[in-house]
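Biologist: Hello! I would love to go through this model with you. Could we start with the cysteines?

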Amino acid sequence: METLLELPDRQGRIVEIQIYNPAKEDQETKDQLMEFYREAYPHSFDKFDLAQIQQDLDVCKCVVVVHNSEILGAQQFAKYPALQDAWFLSYLFVRERRVGIGRMICAMLEE
């Protein structure tokens, strides 16, 4: 994954904001992201969501927040075809609450 920024979270850890690009990633990276999303099951995602996430990892980019090689948060995104400036954001999951990871992801996507 390509690192775009390094920022401190609310706990003072320096985290990396990275972009997952399915065209450039290996199967191991895809598997790590899928395991990360499975952590949320069954609280946030059902089996249909997990199947869609797995399928989307072949075509959609993700903003991923990492600290010491551990994924702390991720959200998939894709541009709507044929619509100017329209993006589809899906499947946000953050491992730790109230440390600013979700805000970092949203700010990066907005940028």
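Modeller: Gladly; the structure holds zero disulfides, a disulfide being a pair of cysteine sulfur atoms within 2.5 Å. Please keep in mind that this is a predicted model, in which local features need pLDDT of at least 70, side-chain atom pairs count only at pLDDT 80 or more, and totals for chains, interfaces and linings use all residues. Residues are numbered from 1 along each chain as its sequence is written, and side-chain values use heavy atoms, with hydrogens and water left out.

Biologist: How far is the sulfur of Cys60 from the closest cysteine sulfur?

Modeller: A disulfide is a covalent bond between the sulfur atoms of two cysteines. For Cys60 the closest cysteine sulfur is in Cys62, but it is too far for a bond. The distance is 7.3 Å.

Biologist: Is Cys62 buried or exposed?

Modeller: Here buried means under 20% relative accessible area, exposed over 50% and partly exposed in between, with a 1.4 Å probe and protein chains only. Cys60 has a relative accessible area of 10% and is buried. Cys62 is at 0% relative accessibility, so it counts as buried.

Biologist: Thanks! Now to helix α2, residues 47-56: which residues are buried there?

Modeller: Helices (H or I, at least four residues) and strands (E, at least two) are DSSP runs, numbered from the N terminus. The buried residues of α2 cover an arc of only 125° around the axis, taken from the directions from the helix axis to the C-beta atoms, which puts them on the same side of α2. They are Leu50, Ile53 and Asp56.

Biologist: And what covers the buried residues of α2?

Modeller: The face turned away from the buried side carries the exposed residues Lys47, Phe48 and Gln55. On the buried residues, the cover, counted by contact (heavy atoms within 4.5 Å), includes α1 (27-38), β4 (70-79) and β5 (87-94).

Biologist: Lovely. Which residues do ring pairs link into a cluster?

Modeller: Rings of Phe, Tyr and Trp (its six-membered ring) pair if their centres lie within 6.5 Å; planes under 30 degrees apart count as stacked, over 60 as edge-to-face and the rest as tilted. A search of the whole structure finds five aromatic pairs. Among them, Phe36 and Tyr37 are edge-to-face at 5.8 Å centre to centre, with 65° between the planes, and Tyr37 and Phe45 are edge-to-face at 5.9 Å and 70°. The cluster links Phe36, Tyr37, Phe45, Tyr91 and Phe93.
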